[in-house]
Each structure stands twice: as structure tokens, then as C-alpha cells.
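Q: Got a minute to go through this one with me? I'd like to start with the overall picture and then go into details.

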Amino acid sequence: YAEANLNVNTLVFSGTNQLDMRTHSLTVGLVTGGGTHAIYTQNTGATPISAITYPANVLVDFNAGTTQTIPANTAFDGSLTISSSTITALSNISVDGTLTLSGDAILDMDTYQVTGSGTISGMGTSTFLTGNTSTSPYPDNCSFYNLQFDGASDQSIPAGTTVSNTIGFTANQTVTALGNLSVGGSLGFLGNASLDMDTYQLTGAISTVSFSGTHTFRTAYTGAGLPFPADLNFTLSSFTVEFYAAGDQTIPGGTSGASTIYNLSLTGSGVKTLDNNHQLTIGSSGRSVNMEGAVGFASTSGTTVTFNGSTITMNADALEQGHMKLEGTVSTSNSPSFVREIYLSASTPKYYNISTGVSGSSLNTLPESGATIVANSGSTGSVWYWNSVNSKWTAPANITDAVDPTVGYTIYAGTANGTDFLRSTDGTIAAEGTGIVTTDQSITLNYHDGTNGDDLFS
């Protein structure tokens, strides 16, 4: 035990020794010797130990239980332990052994890195904070109790990170995983932070997701299993969950009750399918579900999907159409709105074969603002359906009536005689309704021998 400050050129250890500096400082130019040793310090000054490289056979332990300092440019070829102390880094810290955080220790790396060939082990109720914006704020395959990302710009999560309690994202940044991530407690979002798991998997017994701000949770995982655990709820009006892989993905739901996602975005391509036997509630009043043109949303027998008060949009572009194929139990609550976009090359006027694809829709929802659609059996009519009973093209009785989503219409689009029908340029129109058809439909096919029939509009 040190009884005073110690100032030596060379500190030589042999055998197995422990040097407890208690509250005194250690000023040394070189630490050497054989055996296995430890240096303990409770000093709370600016230089509790010298800023040198401590050898591989020497453990250094900061154990004051209060705020301490690791001098800038200190390196540890062996291990470093922080026992219930709070330390803010003044430079990168190199550790080739194990950096252990025990008790309620806090290590705030600020914008610096933990470098070296070692690993980190967070125990007790300890917390590791990093604001470093490199791709290696700390080594791969480290474990933490609490882990917090608070950088001023985008950050990265090294591969193999394991968090036994809470991982937090507390600034206006996007944090991107560079490998699989395991979390055993909760995800916490503050500010406008977002988490992008890229193609990697989020696993662990996550119990809650907390949030306050505008956030996005993104995943492009397409491998075996779920991209993130089942039974999570994302119930904030400004929180979006996005599946963006260029390929099929599985959407987790609830296993013993419905999970809820207020805002769901399906982008990239492929079919995004609710996992077998899972339950999912999508949306809330004023929330949205968006499917890009190359994306489908599907559910299978045994699943339950509830659309709750949101706007569900199946987007379209010049090449592809967003779509849904839902089996199992499908229901709606709080009057959701279903929007199906249809792409038209209307700069070249012509007739298009169109069905609304959504129930509770009327034909007058199709034209864009400033354009029209005309139901008229005379020469000014622009919308018709084929009446297979009398083998005649027939104008709808009223374009404001709800139409059968399984009935097809031929509708004129483009500009004629100074009037824009549906739209005047290339782009989308939208059928707007209150639901989708999820049951098998029986359609009667009528045979007509052509007598008294014609192929003219009538």
C-alpha cells in the first residue's frame, strides 16, 4: 500500500504482486518484470498514473468509486478495469487484454476509440458511452451491460456486439450495424436517432422499445429466422419501421397477442411476409403504411393482420405495382384508408383496362386534380365495362357509386378536345377505398352467341 505519492524511473515487478496506490499518484517511466501483477488507484487527480504503456502482465484498476481520469495517450498491453468509477476519455485508449467495467462504472469515450487487440466486458450495472464516428469505436465481439451511442453524426456498431441490458441512441444520428447485434433488455431512442441493422440480425430477449422524437428502425435482413425479435411494439406517431431489402423478408409480429407498428414502410423489392402464426396490428389514426412499386405484403393462413385507422398505400411506378396478398384473419378498425396507385403513360392518350383493386372505392376517386372521368352512354363517355349478358360495352350508372373491386373497366386517359381525362401526363392515379378483398371471389362467365351483340360502345 502506498503511503505517499510514488515517483520512480523504473518499476520492476517479480513473482505475483499488487501495488495499491490508494489515493496517491504513481509517476513512473517504465513498468517491467516477470510474473502477474496489478496496480490499483483511487487517485482523482489529473494524473493518477503516468501516461505510458503498461505491460501485458500488469492489470491496472481504477477503483475510486467516483470520477477519475485516465491520462491521454496511456496504453495497456494487458488488462484495464474500471470499478464503479466514472471516467471520460482524453484520447484513444489501447487495450490488448480485457477492458472490464464493473459495478456501476461509467466509461465515456467521448469522440475517442478503444483500440488494441483486446475486448470489452461490461458487468454489474455499468455503462459504456461512445460518440466516435469511425467504423471501429471499439473492437468487434465486445459485451456491455448498458451501451449508449451519442455521436454528433452517424455512427457504427461493431460486429458481434452484445448488450445485456439497454442499448441507447441519443442524438440526431443514424447508427448502422456492421454485424449481428444481441440485446437482452431494451432499445432506447432519443432525439431523432435511427438504427439501421443493414443485412444483419437483431437478436436477444428485448422487452421494450422506448422513444421520444422522430426515428426509423431499418432492416435489410433476408437470412434464416427473424430480422428482429417477435412481440415488439413500435407505437410512436413519428417512429417508422422499414423493411428495405432487395428480396423477400419476414416481418415479425406477436406470438401471444398482436404486436403493433404505427408506421410501416416496405421498400426495395420482393415480398415482405408476416411470420407464420404471428399477429400484427398496423397503423393508428393518422399513421401510414407504404409499399413501393416492386414490393408485396403477404400473410399466410394462421396469421392475424389488423389495419387500424391508417392510410395504406400501394405505390406504383412505370414498371411495377405494390400489392398485397393476405390470407388468415384480416380485419380493419378505426376506418383505415386503402390507396392503390395505377401508373399511366397518359401523355399518349388511349384507353386503359383498370380495376380499382380496393373495396369501398368509386370511379370518381381516380382522376388527378383538374382531370375528369365521364360516365355517359353517348360519345362523350370515357369509362365502360363489358356486359357479358348482352355482349355490349356499358357505361356505369354513376361514377360516385362504390364499385366492385373485381370488375374491370376500360377508361380513357390523356387529353382529348381540350379536356384531361384521368391525367394529362405520364404518372399515377389512385383508387381510394375502405378495404381490400381477402376472400375467394366467384365470377359468373356468361356465354353469348353474338346475336344482337356488338363490339361498339353502347
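Q: So what's in it, how many helices and how many strands?
A: This is a predicted model, to say that up front. The chain has 45 strands and 0 helices.

Q: And is it spread out or compact?
A: Spread out: the radius of gyration is 32 Å, well over the 23 Å that the globule rule gives for 458 residues, so the chain is more spread out than a compact globule.

Q: What box do the C-alpha atoms fill?
A: Roughly 115 × 45 × 30 Å, taken along the principal axes.

Q: How much of the chain is buried?
A: Buried residues account for 47% of the 458. On the outside, the chain exposes about 19,200 Å², and 45% of that comes from carbon and sulfur atoms.

Q: What about contacts across the sequence, what share joins residues at least 24 apart?
A: That's 39%, counted among contacts between residues at least 6 apart in sequence.

Q: OK, sheets. What's the strand order in the open one with 4 strands?
A: It goes β5-β8-β11-β14, with parallel pairing. The edges are β5 (53-54) and β14 (114-115); each has a single partner strand, so one side of each is left without a neighbour in the sheet.

Q: Which strand does β14 pair with, then?
A: With β11, residues 93-95, in the parallel sense over 2 bridges. One residue match there is Ser94 with Thr115 in β14.

Q: Let's move further along the chain. What does β31 pair with?
A: Strand β31 (residues 270-274) is joined to β28 (residues 249-251) by 3 bridges, and to β34 (residues 295-299) by 4 bridges. Both pairings run parallel.

Q: Which residues partner up there?
A: Thr250 has Thr273 in β31 as its bridge partner, while Lys272 is matched with Phe297 in β34.

Q: And β32, what are its partners?
A: Strand β32 (residues 279-282) pairs with β29 (residues 259-261) in the parallel sense over 3 bridges. It's also joined to β35 (residues 304-308) by 4 bridges, again parallel. For residue matches, Ile261 goes with Ile282 in β32, and Leu280 goes with Val305 in β35.

Q: Switching to the interior. How many residues are in the largest nonpolar core, and which have the most contacts inside it?
A: That core has 97 residues, and the ones with the most contacts inside it are Phe128, Tyr138, Ile167 and Phe297. You've met Phe297 already, as the bridge partner of Lys272.

Q: What is Phe128 in contact with?
A: Leaving aside neighbours within four places in sequence, Phe128 contacts Leu101, Leu107, Met109, Val114, Ile120, Tyr138, Phe144, Asn146, Leu147 and Gln148.

Q: I had my eye on Thr161 too. Where is it, and is it buried or exposed?
A: Thr161 is in strand β19, which covers residues 161-169. With a relative accessibility of 1%, Thr161 counts as buried, because the cut-off for that is under 20%.

Q: What does Thr161 touch?
A: Not counting residues up to four places away in sequence, Thr161 touches Tyr138, Cys142, Phe144, Leu147, Asn180, Leu181 and Ser182. Take Asn180: it's 19 residues from Thr161 in sequence, and the C-alpha atoms are 7.2 Å apart.

Q: And where does the side chain of Thr161 reach?
A: To the backbone oxygen of Pro158, at 2.8 Å.

Terms used. Residues numbered from 1 in each chain as written. Predicted model: local features only at pLDDT ≥ 70, side-chain atom pairs only at ≥ 80, totals over all residues. Heavy atoms only, no water. Core = buried A, V, L, I, M, F, W, Y, C linked by side-chain atoms within 4.5 Å. Buried < 20%, exposed > 50% of the residue type's maximum accessible area, 1.4 Å probe, protein only. Contact = heavy atoms within 4.5 Å. Polar contact = N/O pair within 3.5 Å; in protein donor to acceptor, adjacent residues only side chain to side chain. Pairing = 2+ DSSP bridges. Rg over C-alpha atoms; globule rule 2.2 N^0.38 Å. Areas by Shrake-Rupley, 256 points an atom, 1.4 Å probe, with all protein chains shown as cover.
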